[in-house]
Each structure stands twice: as C-alpha cells, then as structure tokens.
Amino acid sequence: MTTTEGARVFREAWIAGVHKHFPGEPKPSYVTPWEETPEWEREASGAVYEQVRQSSLK
C-alpha cells in the first residue's frame, strides 16, 4: 500500500470513528471526504499512516 493509499484509509477510519463516537453533529472539517480534504491534512494523514506502519514492522 502506498503512503497516499494508507493516508486515505486512515482518513476514512477517522471519519467512521467520528460518526461512531462523537455525540451530536460533528464539525464539517472532522468528516470532510478525502477528495475535499486540504493538502496539509492529507499529508498529516500520510504521516500518521507511516508511523503506524513503521511501528507494526518492529
């Protein structure tokens, strides 16, 4: 899986978690679809994915 694909999977999991655990209506920025996610947030999602991937290799 590429970093971009992993970032997208992470973002989708984030959105699912917000819908499951956030009471009420979440801020739109919490559940913005990948296609509308700002570049800086896509990069942050990629960084989280890479950290999780690296820790799973240890």
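**Exercise 1. Identify an element that covers the buried residues of helix H1, and list which residues of H1 are buried.**

Solution. Helix H2 is among the elements that cover the buried residues of H1. The structure examined here is a predicted model. Within H1, the buried residues are Gly6, Ala7, Arg11, Ile15 and Val18. For orientation, the chain contains two helices and zero strands. Of its 58 residues, 22% are buried.

**Exercise 2. Describe the span of H1 and state how it relates to the expected value.**

Solution. Step one is to count the residues: H1 has 19. Step two is to take the distance from the first C-alpha to the last, which is 26 Å. Step three is the comparison: at 1.5 Å a residue, 27 Å is expected, and the computed span is close to that value. As for the chain, its C-alpha trace spans about 40 × 25 × 15 Å along the principal axes.

**Exercise 3. Determine how the axes of H1 and H2 are arranged, and which residues make the contact.**

Solution. Two packed helices are described by the angle between their axes and the distance between the axes. Helix H1 covers residues 3-21 and helix H2 covers residues 39-57; their axes come within 8 Å and cross at roughly 100°. An angle from 65 to 115 degrees counts as roughly perpendicular, so H1 is roughly perpendicular to H2. On the H1 side, the contact is made by Thr3, Gly6, Ala7, Phe10 and Arg11. On the H2 side, Glu41, Arg42, Ser45, Gly46, Val48, Tyr49 and Glu50 take part. Sorted by character, the residues of this contact divide into four nonpolar, four polar and four charged.

**Exercise 4. Decide whether Glu41 and Arg42 are buried or partly exposed, and list their contacts beyond four places in sequence.**

Solution. Glu41 lies in helix H2, and Arg42 also has its place in helix H2. The cut-off for a buried residue is under 20% relative accessible area. Glu41 has a relative accessibility of 17% and therefore counts as buried. Arg42, at 23%, counts as partly exposed. With residues up to four places away set aside, Glu41 is in contact with Arg11 and Ser29. Under that exclusion, Arg42 touches Ala7, Trp34, Glu35, Glu36 and Thr37. Farther along the sequence, Arg42 and Gln54 are twelve residues apart, with 18 Å between their C-alpha atoms.

**Exercise 5. Locate Thr37 and establish what its side chain reaches.**

Solution. Thr37 is placed in the loop between H1 and H2. Its relative accessibility is 5%, so Thr37 counts as buried. The side chain of Thr37 reaches the backbone oxygen of Pro33 at 2.9 Å. Leaving out residues up to four places away in sequence, Thr37 touches Arg11, Thr32 and Arg42. Of these, Arg11 belongs to the H1 side of the contact between the helices, and Arg42 to the H2 side.

**Exercise 6. Characterise Ile15 by its place, accessibility and contacts.**

Solution. Ile15 has its place in helix H1. A relative accessibility of 15% means that Ile15 counts as buried. Apart from neighbours within four places in sequence, Ile15 is in contact with Tyr30, Val31, Thr32 and Pro33. Ile15 and Glu43 are 28 residues apart in sequence and 16 Å apart in space, C-alpha to C-alpha.

**Exercise 7. State what share of the chain's contacts between residues at least 6 apart in sequence joins residues at least 24 apart.**

Solution. Begin with the contacts between residues at least 6 apart in sequence; within that set, 48% join residues at least 24 apart.

Notes:
Residues are numbered from 1 along each chain as its sequence is written. This is a predicted model: local features need pLDDT of at least 70, side-chain atom pairs count only at pLDDT 80 or more; totals for chains, interfaces and linings use all residues. Side-chain values use heavy atoms; hydrogens and water are left out. Axes are lines fitted to C-alpha atoms, for helices over the stretch in contact, and angles run from 0 to 180 degrees between N-to-C directions. Helices (H or I, at least four residues) and strands (E, at least two) are DSSP runs, numbered from the N terminus. Angles under 35 degrees count as roughly parallel, over 145 as roughly antiparallel, 65 to 115 as roughly perpendicular and the rest as oblique. Contact means heavy atoms within 4.5 Å. Ala, Val, Leu, Ile, Met, Phe, Trp, Tyr, Cys and Pro count as nonpolar, Asp, Glu, Lys and Arg as charged, and the others, Gly among them, as polar. The expected span of a helix is 1.5 Å times one less than its number of residues. Buried means under 20% relative accessible area, exposed over 50%, partly exposed in between (1.4 Å probe, protein chains only). A polar contact is a pair of N or O atoms within 3.5 Å; within protein, one must be able to donate a hydrogen and the other to accept it, and residues adjacent in sequence count only if both atoms are side-chain atoms.
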